[in-house]
Amino acid sequence: STPQGYLEFMDSQLGEFPFACSRGGAVSAEGFTLCCQENRLEGLCDELKKLGIDQSPPEVLDVLRIEAGVPMYGQDITEDNLPQEVNRNQQAISFTKGCYLGQETVARLDALGHVNKLLVGLRFIVDKVPAPGQELGFNMESGRKVVGRVTSAAWSARLNRPLALAYVNAKHAQTGTKLAFSEGGAEVVDLPITN
């Protein structure tokens, strides 16, 4: 049996290898995340291979993660980010739960307004995958103004274009907004990419 509800958790075992399983993975809500002790990882992977489940290379998982709009801690999210900036309120923030660490910041932002930047998906017009840290601009009459930065990027086979996660000024974070960078243009898109 497997967990049925999103983020539902259960303990399980495959052969002699115990692991924790939760519904919803780094690449989709329909997937699963398996966690085990590091010294049992190789054995668990061998058991999964016997069932026809093979391990994907990290770069493939990174593409799928970006297409799903799932940020990675340390790359897309740091201690410097406010929870609402990550733009995953529905998946990650409770506005009705009792006391929890960070509740004051979450409640204050919810009651008093908005954040200045949001994590969004960007589809690039050019073929070159932008590097993390790439500045994004918005063309204004007074010249180009920096309004964001790329945090993760990869080539999306689904879009046949580079796709990125980036923090963008909240005024420019709406789907369809056109942005520019040193190599060309980009457009804010909804994530996850489903086609």
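Biologist: What joins the side chains of Asn81 and Tyr167?

Modeller: A polar contact of 3.4 Å. The cut-off is 3.5 Å between N or O atoms, so the pair qualifies. Keep in mind that this is a predicted model.

Biologist: Where is Asn81 found?

Modeller: In the loop between α2 (58-68) and α3 (89-92).

Biologist: Why is Asn81 called buried?

Modeller: Its relative accessible area is 15%. Buried means under 20%, so Asn81 is buried.

Biologist: Which backbone nitrogen does the side chain of Asn81 reach?

Modeller: That of Thr78, at 2.8 Å. This value also falls within 3.5 Å, the limit for a polar contact.

Biologist: Which residues does Asn81 touch, not counting those up to four places away in sequence?

Modeller: Asp76, Val86, Lys117 and Tyr167.

Biologist: Now the cysteines. How many disulfides does a search of the whole structure find?

Modeller: Zero.

Biologist: Why does Cys35 form no bond with the closest cysteine sulfur?

Modeller: That sulfur belongs to Cys36 and lies 7.9 Å away. A disulfide needs sulfur atoms within 2.5 Å, so the two are too far apart for a bond.

Biologist: What makes Cys35 partly exposed?

Modeller: Its relative accessibility is 44%. Partly exposed runs between 20% and 50%, so the label fits Cys35.

Biologist: And Cys99, buried or exposed?

Modeller: Exposed, because its relative accessible area is 75% and the threshold is over 50%.

Biologist: Turn to the helices. Which residues of α1 are buried?

Modeller: In α1 (residues 41-50), they are Gly43, Leu44, Cys45, Glu47 and Leu48. What covers them includes β1 (9-14), β2 (17-23) and β3 (32-35). Gly52 follows α1 and has a positive phi, near 85 degrees.

Biologist: Which residues of α2 are buried?

Modeller: Val63, Arg65, Ile66, Glu67 and Ala68. Just after α2, Gly69 takes a positive phi of about 75 degrees.

Biologist: What makes up the largest nonpolar core?

Modeller: It has 19 residues. Those with the most contacts inside it are Val120, Leu122, Phe124, Leu136, Val150 and Leu179. The elements giving two or more residues are β4 (117-124), β6 (143-156), β7 (161-169), β8 (178-181) and β9 (184-189).

Biologist: Which element gives the most to this core?

Modeller: β4, with four residues.

Biologist: What lies apart from this core?

Modeller: Another core, of 11 residues. Among them are Ile66, Leu119, Leu163 and Ile193. Ile66 is also one of the buried residues of α2.

Technical notes: Residues are numbered from 1 along each chain as its sequence is written. This is a predicted model: local features need pLDDT of at least 70, side-chain atom pairs count only at pLDDT 80 or more; totals for chains, interfaces and linings use all residues. Side-chain values use heavy atoms; hydrogens and water are left out. Buried means under 20% relative accessible area, exposed over 50%, partly exposed in between (1.4 Å probe, protein chains only). Contact means heavy atoms within 4.5 Å. A polar contact is a pair of N or O atoms within 3.5 Å; within protein, one must be able to donate a hydrogen and the other to accept it, and residues adjacent in sequence count only if both atoms are side-chain atoms. A nonpolar core is a set of buried Ala, Val, Leu, Ile, Met, Phe, Trp, Tyr and Cys residues joined through side-chain atoms within 4.5 Å.
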